[in-house]
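Notebook open, coffee ready. Here is what I looked up today.

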Amino acid sequence: MINLHTERTIVYCKIIHNYLEAEVFGDPEIDVGDMIECYMPKYLFREQYQKCIETFRDLYE
C-alpha cells in the first residue's frame, strides 16, 4: 500500500486508479492478463504472470 502523506500523493493514486479502471479493469468480459500484457516486458509477463496480475490489482486498489 502507498502511504498517503501529501495531497500530491493522493491525487497521483487517484489518477492511477482511474486509469486502471478505464483501461484494464473496465470491461469484465476482457481478461485482465490480456490487457496488461502490453504494459509489461514479455519475458517478465510470461515468467511471473500471476505476480503481474496481483501487482496491477494492488495498484488498482
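Which residues make up the largest nonpolar core? I found 10: Leu20, Val24, Phe25, Val32, Ile36, Met40, Phe45, Cys52, Ile53 and Phe56. For my own memory, a nonpolar core is a set of buried Ala, Val, Leu, Ile, Met, Phe, Trp, Tyr and Cys residues joined through side-chain atoms within 4.5 Å. Buried means under 20% relative accessible area and exposed over 50%, with partly exposed in between (1.4 Å probe, protein chains only).

Before going on, I noted that this is a predicted model, where local features need pLDDT of at least 70, side-chain atom pairs count only at pLDDT 80 or more, and totals for chains, interfaces and linings use all residues. Residues are numbered from 1 along each chain as its sequence is written, and side-chain values use heavy atoms, leaving out hydrogens and water.

Next I checked H4; helices are DSSP runs (H or I, at least four residues), numbered from the N terminus. Its buried residues are Cys52, Ile53 and Phe56. They sit on the same side of H4, because they cover an arc of only 100° around the axis (taken from the directions from the helix axis to the C-beta atoms). The face turned away from that buried side carries exposed Lys51 and Asp58.

Then I looked at methionine 40. Leaving aside neighbours within four places in sequence, methionine 40 is in contact (heavy atoms within 4.5 Å) with Phe45, Cys52 and Phe56.

Last, I checked phenylalanine 25: it counts as buried, because its relative accessibility is 17%.

Note on methods
Helix = DSSP H or I, 4+ residues; strand = E, 2+ residues; numbered from the N terminus.
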